[in-house]
Amino acid sequence: MGVVNVTPDSFSDGGLYLDPGAAIGHGEELARDGAAILDVGGESTRPGAEEVSAEEELGRVEPVIEGLVGSGAVVSVDTSKAAVAEAALEAGAEIVNDVTALRHDPEIARLCAERGAGLILMHMQGTPRTMQENPVYDDVVDDVKAFLAERMEVAASAGVAEGRIWLDPGIGFGKTLEHNLELLRRLGELRSLGQPLVVGTSRKSFIGKVDGSKPDDRLGGTIASTVLAVAEGADIIRVHDVAEARQAMRVATAILG
Ligand code: HH2
């Protein structure tokens, strides 16, 4: 899954693709590099980020989704707002990537059920504004697992087919360095939830906490975490650098058989 951030303030590529033409060109390049899905987002969820209105968010993502669907891509929309999700599905997106797992806007579940859309449910402790203040867990893997099981129930009871639900531990969302490392180390424990696992480590700050690197200089850490996540059973890897991650994923998969 390649990341297409149509935002002024995303943590690693904010402002680069705010122009729809630039975002579409970037998405097409990621598709050529081998992305099976393009994840288009119009609101940053980096720690401390401010919310944007549905109108603003939609104005950013709608032309980009239309353009990328027009060029044959499978598109997911990274949003927590049902109004944005609805217009995105209307524009041809096939998957809703909700980092709040239906807590911000439960309507998203009904919408996905009605349209037969895919739904990604991600774990986050707190909200982007506050999530890094003091994250606490009893056992981070057990807690994330219980949360995802509960949110999956909510989605299923709103009518979303189980085969359309993907789960994501939410690396970097309300987690300390140790929480992120432990989740990646024990990712395999989430397999028993029975759904495909999405993992997004790309350029995230936990990599910088290990080696002091800046977002633009975290490709090595992204690849290391991608390979280990694949070895633990991740099915979909959400990355900015698709060509390199895809090669790493293919080689890891070939070795693992
Ligand atoms: N991470 C980000 C955004 N959306 N969605 C899922 N399912 N999993 C993730 O790990 C995830 C996500 C944050 O990365 P990015 O989009 O590059 O940054 P920003 O939120 O600042 O736009």
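Colleague: How many salt bridges does the rule give in this predicted model?

Modeller: The count comes to 19 salt bridges, and one of them joins the side chains of glutamate 90 and arginine 115.

Colleague: Why is the contact between glutamate 90 and arginine 115 called a salt bridge?

Modeller: The N to O separation of their side chains is 3.2 Å, and the cut-off for a side-chain nitrogen of Arg and a carboxyl oxygen of Glu is 4 Å, so the pair qualifies.

Colleague: What makes it a link between distant parts of the chain?

Modeller: Glutamate 90 belongs to helix 3 (residues 82-90), whereas arginine 115 belongs to helix 4 (residues 107-115), and the two are 25 residues apart.

Colleague: Why does the approach of serine 44 to the ligand count as a polar contact?

Modeller: An N or O atom in the side chain of serine 44 is 2.7 Å from an oxygen atom of the ligand, and because the limit is 3.5 Å, the pair counts. For histidine 240 the corresponding value is 2.7 Å, and for asparagine 5 it is 3.2 Å, so these also fall within 3.5 Å.

Colleague: How much of the ligand does the protein bury?

Modeller: Taken alone the ligand exposes 480 Å², of which the protein buries 98%; the ligand sits in the largest pocket, and its shell divides into five nonpolar, seven polar and five charged residues.

Methods. Residues numbered from 1 in each chain as written. Predicted model: local features only at pLDDT ≥ 70, side-chain atom pairs only at ≥ 80, totals over all residues. Heavy atoms only, no water. Polar contact = N/O pair within 3.5 Å; in protein donor to acceptor, adjacent residues only side chain to side chain. Areas by Shrake-Rupley, 256 points an atom, 1.4 Å probe, with all protein chains shown as cover. 1 Å grid on protein atoms, 1.4 Å probe; cavity = no way out; pocket = protein on both sides within 12 Å on 5 of 7 lines; lining within 4 Å. Sits in = over half its atoms within 2 Å of the grid points. Nonpolar A, V, L, I, M, F, W, Y, C, P; charged D, E, K, R; others polar. Helix = DSSP H or I, 4+ residues; strand = E, 2+ residues; numbered from the N terminus.
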